[in-house]
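Could you walk me through this structure in the viewer, one selection at a time? I would like to know what to pick next and what I will find there.

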Amino acid sequence: MTPFLDMSRISKRFGGVHALRNVDLTLQTGEVHCLVGENGSGKSTLIKIISGVQAPEPGGRISIAGQDYPHLNPVRSTHCGIQVIYQDLSLFPNLTVAENIAIGQHLGGVRRVDWAAMSVIALNAMAKVGAEFDPDTKVAELPIAGRQLVAICRALAADAKLIIMDEPTASLTRHEVDALIALVSELKRAGMCIVFVSHRLDEVLEIAERVTVLRDGVKVGTFDADTIDSRKLSHLMTGHAFDYDIHPYRLAAAPVVLELQGLGRDGDYEDVDLTLRAGEILGLTGLLGSGRTELALSLFGMNPPDRGVILLDGQPVSLASNAEAIRKGIAYVPEDRLTLGLILDQSITSNITLTVLGRLAGRLGLITAGTRNGHVTQWVSRLGIKVSDPENPVKTLSGGNQQRVVLAKWMATNPRVLILDSPTVGVDISAKDGIYDIIRQLADAGVAVLLISDEIPEVLYHSHRVLVMRHGRLTLDVPSSQTSEPALRQAVNA
Amino acid sequence: MKEKSPLSLVTRIGRSLGGGTMGTLTLLLVSLWVVFALVIGERFFSVNTLQSMAFQMPELGILSLAMMLALLSGGLNLSIIATANLTGLTIAFVLTRTVPGSEGMAWVGWQLLAIAAGFGVAGLIGLVNGYVIAYLGVSPILATLGTMTLCKGIAIGLTRGNVISGFPDPIIFIGNGTIFGVPFALVVFALCAVPVAILLNATPFGAKVYMIGSNEKATRYSGVDTRAVLLRLYVYSSLLAGVAALVMMARFNSANAAYGESYLLVTILAAVLGGVDPFGGFGKVGGLILALVILQMISSAFNLLNLSQFLTLAIWGGILIAVAAVPHLRALLRR
Amino acid sequence: MPDSLKAPSVKAALARFRRSHEFWLLAVILVLCAGLGAANPQFLTMQNLFDLLTSYAFVGILALGLLVVLIAGGIDISFTATASVAQYVALVIANAYGANWFSLFAMAIGTGVALGAVNALFVQKLRIPSIIVSVATLNIFYGLLIFVTGGKYIYSLPDWFATGIFWFEFDWGPTSSYGVNLQILILGIGFLVTWLLLNRTNIGRQVYAMGGNPDAAQRLGFHTFRLNMLVYCYMGAMAGAASLVQAQLAQSVAPTVLVGKELDVVAAVVLGGASLAGGVGTVLGTFLGLALLAVLQNGLILLGVSSYWSPLFVGLVILISVSVTAWSQRERRARRVRA
């Protein structure tokens with residue numbers, strides 16, 4: 001059987017940099033294929049070549065359904081049935097579901113809008129994936145999972161034979177991920193070829209039949225999913241082996257810094273009792289929407305609880321604002337680094353100093369350049385942030401270095417309680433390790449850390465104790481040494 | 001060495017002058033200066049010319065500072081002119097009620113009281129703007145469009161469009177006097193620009209304003225009370241409009257509900273020309289001053305050449321486009 | 001969602017309308033009209049309605065052009081200068097060489113389109129934000145116009161133009177008769193064409209899409225250059241048409257009186273719910289925004305309030321209505337978070 005897509009010797013250079021070097025890729029009809037690799041490994045360049053956005057260097061060969069092309073362009077690629085669903089979904093939030101799905105009807109020269117035809121196209125595509133929205137709803141009013149379905153419907157409505165999904169599960173709850181996986185296998189049975197690009201190695205292995213690994217623009221290999229595990233996969237992606245041991249629990253004697261008694265907030269979480277000791281790393285896991293982020297925001301003074309008590313050093317406190325929480329020694333690293341954690345357009349200096357401006361101000365309330373630069377230099381070297389010029393915008397840094405800037409910004413406030421919400425999202429595996437090191441050092445220095453994550457290995461291997469939250473309630477509280485990945489997974493999903 | 005384009009010298013000089021907009025503006029200023037010096041000759045350097053430039057710039061300059069503050073936070077203040085006029089009218093109204101004597105403590109005190117009343121009004125308008133924008137979440141363009149119309153309405157309603165004029169000498173001096181040959185209005189401008197520059201570059205407040213301009217939500221998540229910062233910012237913007245009012249009424253020896261309305265969009269032009277990002281987060285007082293000098297120099301030179309002031313407007317517009325296009329053109333050349 | 005699929009779509013559409021900005025605006029206008037009608041019977045007369053439409057035609061036509069630009073994600077405030085230039089060019093040529101309705105409008109609209117294209121080229125080719133471009137071109141167009149013409153008014157207009165039109169004449173009572181004049185005709189055509197463009201052609205939907213998500217529009221192969229060109233040229237065309245409407249009403253060409261009215265137009269469009277962020281705004285909303293301002297100013301006059309005080313009330317209504325809208329949105333968002 002001829003493969004749907006067969007590429008060989010694909011290279012791409014940007015200036016002097018090889019983004020891709022002699023990569024081969026074969027995609028079969030009715031296959032679910034995963035593409036993994038760290039940032040900068042060449043995944044997105046490869047996708048852009050398949051979708052025709054970028055042309056490969058001469059010498060490569062691309063064949064689609066038996067037909068050879070020297071290179072593609074977006075129109076030809078779409079014509080061949082190739083559809084890319086980008087991570088941001090590229091939907092039009094202000095248009096209706098029907099218009100988004102049947103957007104092809106809107107393209108081209110001046111023409112009357114055939115609303116009836118668009119509605120038929122949309123309903124047909126929606127029927128294929130079992131979606132049941134009102135086609136006249138605006139996409140902005142749908143939840144993320146719904147928007148994802150709309151994006152898939154749009155690809156189907158454009159007669160897709162190959163759908164490439166870039167990080168499709170990044171903002172879905174586990175339940176929604178399961179639904180997506182079911183949908184993908186259905187599409188596959190209908191003869192569709194699906195390419196998944198994902199950071200989450202567990203999911204990759206769950207969905208894919210074959211996995212292609214890229215590293216530094218070179219293809220490491222294509223593997224059958226049932227022959228490898230996530231540890232091996234991360235080794236292939238990074239070239240290093242990362243083995244973590246479970247932290248022994250040895251902190252029963254340390255003083256309790258933070259204690260929650262019967263904390264509750266309508267619609268968010270209920271009956272939360274929790275103790276956090278100095279030097280302890282407490283892992284908190286649960287599904288998206290389980291109430292974990294809402295709880296964290298309550299501890300940071302941004303989401304006031306309706307009942308219950310928050311005790312700091314045994315004293316009840318009420319946190320009216322996050323400024324007050326910061327004054328009392330609580331710091332919060334939000335999950336969404338790009339829009340909440342950092343101000344991307346502004347300089348590294350501005351970002352690192354933002355939380356301590358009052359302290360840096362000297363006489364007359366003025367901050368001198370010397371004080372500011374001294375502060376930045378100190379934190380850049382202390383956290384090993386790779387910076388060419390601290391006046392550059394923080395968006396010029398890699399994900400790992402950006403997260404270090406966030407950590408520097410909060411560590412500078414001398415927190416006694418540090419809440420980290422998914423601190424390694426979008427950070428390369430090799431850079432993750434550095435972040436874990438920093439967290440461990442902080443705990444060793446006596447900071448109480450609440451580590452929130454939906455990656456179970458992350459909480460298991462990097463906390464002393466693990467809490468599981470479900471439907472707004474804490475359902476499990478266990479030292480890491482007394483549990484395991486499968487046990488936690490069951491507790492989270494049960 | 002193949003990227004040795006004609007611009008490379010320009011960019012090198014530009015970078016040594018602080019890079020980016022500052023470099024472009026300095027270069028522009030120098031070249032305009034040379035051109036005008038060659039075309040106009042000696043008259044361009046006469047004390048009269050310099051003094052008239054220095055008399056004209058402060059009004060627009062102070063108003064532009066007021067606009068700049070709002071722009072930096074990602075907002076806009078369309079009410080600055082209306083605020084200035086209402087402030088001017090308030091001061092003028094109090095001044096022309098009764099002036100106790102023509103010298104002495106009571107006389108001076110009354111004038112100070114008049115000015116204080118004006119600033120009270122300006123501050124109040126700033127509070128309304130700030131409250132509606134920061135605490136109610138109304139977009140700045142809408143909120144200040146509302147207060148602009150409202151202030152103008154109050155001013156027109158109370159004065160029926162008439163002028164209030166006839167002020168005591170010290171007030172006139174603010175607009176027309178000189179100290180060692182330097183127009184006092186320019187001193188007032190400096191007394192505004194320097195504190196604003198310090199406020200923006202060397203205080204926690206200023207740092208927060210820039211951060212809010214780029215991403216208000218992330219700034220709030222960093223423990224900054226963004227609403228309080230914005231409220232303060234719009235009060236400052238209003239107070240600066242109040243200072244402009246004082247200079248304006250002093251120069252004309254009168255106040256009116258409709259003075260200086262053509263300045264409104266010119267303040268945006270000046271600020272953006274000076275490198276203020278119209279979407280917020282970036283811009284320095286130094287850049288604004290350079291832009292103001294450039295604009296004023298063109299205006300004065302055209303005046304000396306007996307060219308229409310409307311041609312000046314057109315050239316200002318052209319310069320803005322040219323300067324705004326520089327980053328893109330530079331990127332094209334580099335490629 | 002499944003139950004809303006089963007529900008009749010008219011009901012769903014009505015429910016959507018009740019949640020919309022336009023609904024609240026309509027409610028406010030109706031209350032205002034009822035009150036004004038009760039206070040002064042003259043308010044709800046045909047005479048007054050026709051007068052209102054005539055005097056707000058200029059702002060209304062410009063508002064339609066601005067609406068399209070805002071939906072596309074841009075902004076243009078150079079339209080008053082564009083209108084001044086278009087008016088001058090068209091009527092000077094008409095005076096010198098003669099013209100008819102068709103050629104006169106073709107000249108004014110053509111001038112507007114050309115100046116709109118200048119804006120579009122600056123925005124697209126030099127990658128300058130549209131707010132900067134239009135602040136600059138406002139000064140350029142206006143400055144050059146006054147420089148070249150010396151700012152002289154033209155009072156002698158072609159007779160047929162000065163007379164205007166009066167179509168579909170009908171009598172109402174013994175003393176008054178009404179008809180469609182030039183202002184109302186062009187305003188009506190403007191609303192119809194803009195509505196058709198935005199809601200019935202794929203190009204209009206592309207404009208909405210581009211304003212809602214410009215990156216996605218690029219990725220899906222929209223011709224964003226052509227679309228932007230169209231949008232700014234449409235604004236220019238509207239400015240051209242509006243300029244003649246205004247000249248006919250004023251019975252003169254006055255190059256200095258239009259510039260400075262930008263914010264009146266912006267107020268009508270944003271009161272009508274269009275967002276400066278792009279992608280949002282409707283023709284109905286713009287009509288209602290315009291109607292609110294017109295009814296308010298007209299009502300105050302009929303109530304005997306001195307025209308000196310009218311900006312005060314307009315300012316208050318703008319401030320209160322935008323504050324209430326923002327506040328109610330915030331409340332709704334807060335409730336959703338807690339639910």
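Start by selecting chain B and chain A of this predicted model. Across their interface, eight residue pairs are in polar contact, with both residues at pLDDT 80 or more. Salt bridges between chain B and chain A number zero. Now colour the elements on the side of chain B that touches chain A: α8 (184–202), α9 (204–214) and α10 (216–221) of chain B each give two or more residues. The largest share, six residues, comes from α9(B). By class, this side of chain B has 10 nonpolar, eight polar and three charged residues.

Widen the selection to the whole contact, and you will have 21 residues from chain B and 27 residues from chain A. Together the two chains bury about 1,800 Å², with 67% of it on carbon and sulfur atoms. Show B:Met211, B:Tyr221 and B:Ser222 as sticks: in chain B these lose the most area to chain A, together 39% of what that side buries.

Next, keep chain B and bring in chain C. Here 44 residues of chain B are in contact with 41 residues of chain C. The buried area is about 3,700 Å², and carbon and sulfur atoms give 83% of it. Pick out B:Leu265, B:Phe310 and B:Ile321, which supply 16% of the area that chain B buries against chain C, more than any other three residues. Between chain B and chain C there are zero salt bridges, and two residue pairs are in polar contact, both residues at pLDDT 80 or more. To see where the chain B side comes from, select α5 (105–135), α6 (140–159), α12 (263–273) and α14 (309–334) of chain B, each of which supplies at least two residues. The largest share, 14 residues, belongs to α6(B). This side has 31 nonpolar, 11 polar and two charged residues.

Finally, hide the other chains and stay with chain A. Look for an open, mixed sheet of six strands in the order β6-β7-β8-β3-β9-β10. Its edge strands are β6 (82–85) and β10 (218–224) of chain A. Zoom in on β3 (residues 32–36) and β9 (residues 210–215) of chain A, which run parallel and are joined by four bridges. Within that pair, A:Leu35 stands opposite A:Thr212 in β9(A). Then add helix α1 (residues 43–50) of chain A, which lies across β3, β6, β7, β8 and β9 of chain A and runs at about 135° to β3(A). Last, add helix α5 (residues 144–157) of chain A, which packs on the sheet and touches β6 and β7 of chain A.

How values were computed: Residues numbered from 1 in each chain as written. Chains lettered and ligands numbered in written order. Predicted model: local features only at pLDDT ≥ 70, side-chain atom pairs only at ≥ 80, totals over all residues. Heavy atoms only, no water. Contact = heavy atoms within 4.5 Å. Buried area = accessible area lost by both parts, 1.4 Å probe. Salt bridge = Lys/Arg side-chain N within 4 Å of Asp/Glu carboxyl O. Polar contact = N/O pair within 3.5 Å; in protein donor to acceptor, adjacent residues only side chain to side chain. Nonpolar A, V, L, I, M, F, W, Y, C, P; charged D, E, K, R; others polar. Pairing = 2+ DSSP bridges. Axes fitted to C-alpha atoms, helices over the stretch in contact; angles between N-to-C directions.
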